[in-house]
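Visitor: I'm new to this one, and I'd like a close look at a single spot rather than a quick tour. Could you pick apart one residue and its surroundings for me?

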Amino acid sequence: EKANLITLFEKYVPICLEVLKSRFKKITPIVDISMIKMLCYLLEGLLVPENTPPDCNKELYELYFVFAAVWACGGAMFQDQLVDYRSEFSKWWITEFKTIKFPSQGTVFDYYIDCETKKFTPWAEAVPKFNYDPDSALIPLL
């Protein structure tokens, strides 16, 4: 596991940090070490035995690593009237890293990893649709 994670860090992190400095705008400045710490925290929560059993293949580790790296590096992208940096980051990620394939619809931020299928699934399927009734009181909805 340790050797696999070192390989994944070396594959993804340096290029991400380099490109983030020059190409994308974040909501607030974030230092490199904070993004790396966030990546580690996300991995700590994702790389649990239920998700990555001891006998799992390297590709499963990479799937979870990519999900965590996308959110750690791209989660704070800025969106203004002219440029949607989240969308630009998504396009860059899909073009740059081809080992783990994201679905063709939407952005990399529109998907999570389904624990059962170990595949990217739209967040929209995990969150029930909310229908607001304008005649109902607001307080019970909160």
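Visitor: Let's take Glu62: does this residue count as buried or exposed, and at what relative accessibility?

Guide: Glu62 counts as buried, with a relative accessibility of 9%. (Buried is under 20% relative accessible area, exposed over 50%, partly exposed in between, using a 1.4 Å probe and protein chains only.) Before we go on: this is a predicted model, where local features need pLDDT of at least 70 and side-chain atom pairs pLDDT 80 or more, while totals for chains, interfaces and linings use all residues. Residues are numbered from 1 along each chain as its sequence is written, and side-chain values use heavy atoms, without hydrogens or water.

Glu62 is found in helix α3 (helices are DSSP runs of H or I, at least four residues, numbered from the N terminus). To meet its company, leave out the residues up to four places away in sequence: Glu62 then touches Leu8, Lys11, Tyr12, Thr99 and Ile100, where a contact means heavy atoms within 4.5 Å.

Two of these partners deserve a longer stop. Start with Lys11, which makes a salt bridge with Glu62, the closest N and O atoms sitting 2.7 Å apart; the term covers a side-chain nitrogen of Lys or Arg within 4 Å of a carboxyl oxygen of Asp or Glu. This pair links distant parts of the chain, since Lys11 belongs to helix α1 and Glu62 to helix α3, 51 residues apart. The two ends are not covered alike: Lys11 is partly exposed, at 35% relative accessible area, whereas Glu62 is buried at 9%.

The other partner is Tyr12, whose side chain is joined to that of Glu62 by a polar contact of 2.5 Å. (That's an N or O pair within 3.5 Å; within protein, one atom must be able to donate a hydrogen and the other to accept it, and residues adjacent in sequence count only through side-chain atoms on both sides.)

Tyr12 is itself buried, and so are other residues of α1, among them Leu8, Val13, Cys16 and Leu20. The buried residues of α1 pack against α2 (32–46), α3 (58–74) and α4 (85–96), so the helix carrying Glu62 is one of the neighbours of that buried set.

Now, how does the Lys11 pair sit beside the others? By the same rule, the count of salt bridges comes to three. Another one joins Lys21 and Asp32, with the closest N and O atoms 3.4 Å apart. Because Lys21 lies in helix α1 and Asp32 in helix α2, this bridge ties together parts that are 11 residues apart in sequence. Here Lys21 is exposed, with a relative accessible area of 58%, and Asp32 is partly exposed at 26%.

The remaining bridge runs between Glu88 and Lys91, whose closest N and O atoms are 3.5 Å apart. Both of these residues lie in helix α4, three residues apart, which is about one turn of the helix. An α-helix has 3.6 residues a turn, so residues three or four places apart point the same way. Glu88 is partly exposed at 31% relative accessibility, and Lys91 is partly exposed too, at 48%.

Right beside Glu88 in the sequence is Phe89, and setting aside its neighbours within four places, Phe89 is in contact with Leu20, Phe24, Val70, Cys73, Gly74, Met77 and Phe109. Of these, Leu20 is a name you've met already, as one of the buried residues of α1.

Definitions and conventions
Helix = DSSP H or I, 4+ residues; strand = E, 2+ residues; numbered from the N terminus.
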